[in-house]
Amino acid sequence: MASRLRGSVELSETQQLVQNAVRDVCTDFDDEYWRTCDREGEYPAAFVDELAAGGWLGILIPEEYGGVGMTTEEVVVMMEEVAAGGGGFSGTQAIHGTIYNSVPLVKYGSEELKAELLPEVATGEAAVQSLALTEPNAGSDSLSIETRAERDGDGYVINGQKIWTSRVDQTDYALVIARTTPKADVEKRTQGLSMFLVDVEEAFDRGTLQMEPIEKTASNAVHAFELWFEDLRVPESALVGERDNGFYQLLDGLNEERLVIAAECIGLGELALERGTEYADQREVFGRKIGTNQAIQHPLAKAYARVQAAKEVVYNAAGRLETSERTDGGVQANLAKFLAAEACHEAADIAVQAHGGFGVAREYDVERYLREARLTRLVPIAQELALNYIGENALDLPRSY
Ligand SMILES: Cc1cc2nc3c(=O)[nH]c(=O)nc-3n(C[C@H](O)[C@H](O)[C@H](O)COP(=O)(O)OP(=O)(O)OC[C@H]3O[C@@H](n4cnc5c(N)ncnc54)[C@H](O)[C@@H]3O)c2cc1C
């Protein structure tokens, strides 16, 4: 990819190291690989294994637990690179659960849990790929979740339903958010929720967890599921962090998740722009390259400007996350996610338009980028909810949700 297309953000030495190493992995997986994964609904296992072999799944896990011990500043480079290197959003979605789930585990997990689990996560031997928060009656309004975890002797029993939980077919453990104190008994809706690490295989074996895949049209290589917990018993040690404080713990992971996904949007936007620009510089109509026409050139240039502007915000927010106070970190993460998803969608849309009829031909890939870019405006939170957060916390307007 032309270096100018990857823009102006200056990388530190460590960031360059990450970029080069991840780029090396990505070059082993060509467009046909990603096209096939999408068409066949196949998880990109070979790609994930190669990243794991390089230790990259443990990028946020401290060295003392076998990880690379890097920070969000390096993760954004890694995720941008995976998306821009051809993987798009599905390439990054295949791995990002492990990355952002490691944040609450490192921060709030018991010493015993960390010593046992994190070294295996870092090498890819054990996967904590899934985060089960969303429910049929609680998507954007995540504080209204109804899944309950009730005390039972020396453990908890979980009952309820989740929806859209990604990668349950590719994980050993899932982080599950459940209510431990009824909403009616807490002062604030944010209280009374807890985070549990659930051994997925054991739960399936005991028949206390059922799942159904959800058919969808974007990021087909990575599957999302509806889950049912029926009297799923977990030991006390499955509780991550403090009982009833899970929402606040989750927020740390969610800010990370938003920034990680914002960086993925930047990479996907750059990838789409690269393909759109290449085609505009080759295809001749009316005896001249279509890129000569401002009707094609300007939308590409505008999308480039927006992707690069969003990239500055994403990198800046990533650099500040560790030291930011939680709400400020939330504003930065939501700004970054909002801008990056809009820019990425704009870039993918003009890439399709520049391809004319081939814009919808699978072999040119841009239609896949557009489907994925559209999805980024819905996840991990819909754009409207990012704006709600910014309105409330950056503009001090009344809370609207
Ligand atoms: C492919 C995919 C993978 C996912 N993976 C996961 C996962 O791994 N784990 C997980 O827990 N969840 C996951 N999700 C769920 C995702 O986080 C939710 O879909 C998202 O938060 C939106 O919730 P919802 O779908 O219930 O939409 P709703 O909350 O029903 O909202 C519908 C629309 O109304 C708008 N809206 C609602 N309320 C307001 C308001 N007050 N102000 C303005 N607009 C509003 C929303 O912005 C949206 O456009 C995934 C979703 C998808 C599609």
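A nonpolar core here is a set of buried Ala, Val, Leu, Ile, Met, Phe, Trp, Tyr and Cys residues joined through C-beta atoms within 7 Å. The model is predicted.

**Exercise 1. Find which residues of the largest nonpolar core touch the most other members, and which helix gives the most to this core.**

Step 1. Take the core as a whole. The largest nonpolar core has 117 residues.
Step 2. Pick out its best-connected members. F196, V198, L259, V314, A340, C344 and A348 touch the most other members.
Step 3. Turn to the helices. Helix 8, residues 246–280, gives the most to this core, with 16 residues.
Step 4. Look at one member, F196. Set aside its neighbours within four places in sequence. F196 is then in contact with A149, Y156, I158, V176, A178, V234, A238, L239 and V240.

**Exercise 2. Determine which residues of helix 2 are buried, and why they line one face of the helix.**

Step 1. Locate the helix. Helix 2 spans residues 31–40.
Step 2. List its buried residues. They are W34, C37 and D38.
Step 3. Look down the axis of helix 2. The buried residues fall within an arc of 95 degrees, so they line one face of the helix.
Step 4. Check the other side. There, E32, T36, R39 and E40 are exposed.
Step 5. Identify the cover. Helix 4 (72–93) and helix 11 (366–375) are among what covers the buried residues of helix 2.
Step 6. Move past the end. G41 follows helix 2 and has a positive phi, near 65 degrees.

**Exercise 3. Divide the protein chain into domains and describe how domain 2 touches domain 3.**

Step 1. Set the bounds. Domain 1 covers 3–123, domain 2 covers 130–245 and domain 3 covers 247–393.
Step 2. Take the separation. The C-alpha centres of domain 2 and domain 3 are 30 Å apart.
Step 3. Count the contacts. 10 residues of domain 2 are in contact with 11 residues of domain 3.
Step 4. Sort the side of domain 2 that touches domain 3. Its residues are 4 nonpolar, 6 polar and no charged.

**Exercise 4. Describe the shell around the ligand by residue, element and domain.**

Step 1. Start with the residues. There are 23 around the ligand, and L133, G139, S140, A382 and E384 come nearest.
Step 2. Assign elements. Strand 1 (130–132), strand 3 (155–166) and helix 12 (383–393) each give two or more residues to the shell.
Step 3. Classify the residues. The shell holds 13 nonpolar, 8 polar and 2 charged.
Step 4. Map the shell to domains. Domain 2 and domain 3 each supply at least three of its residues.

Key: Residues numbered from 1 in each chain as written. Predicted model: local features only at pLDDT ≥ 70, side-chain atom pairs only at ≥ 80, totals over all residues. Near = placed C-beta within 6 Å. Helix = DSSP H or I, 4+ residues; strand = E, 2+ residues; numbered from the N terminus. Nonpolar A, V, L, I, M, F, W, Y, C, P; charged D, E, K, R; others polar. Domains from an automatic or database assignment. Buried ≥ 20, exposed ≤ 12 C-beta atoms within 10 Å, placed from the backbone. Contact = placed C-beta atoms within 7 Å. Arc of directions from axis to C-beta.
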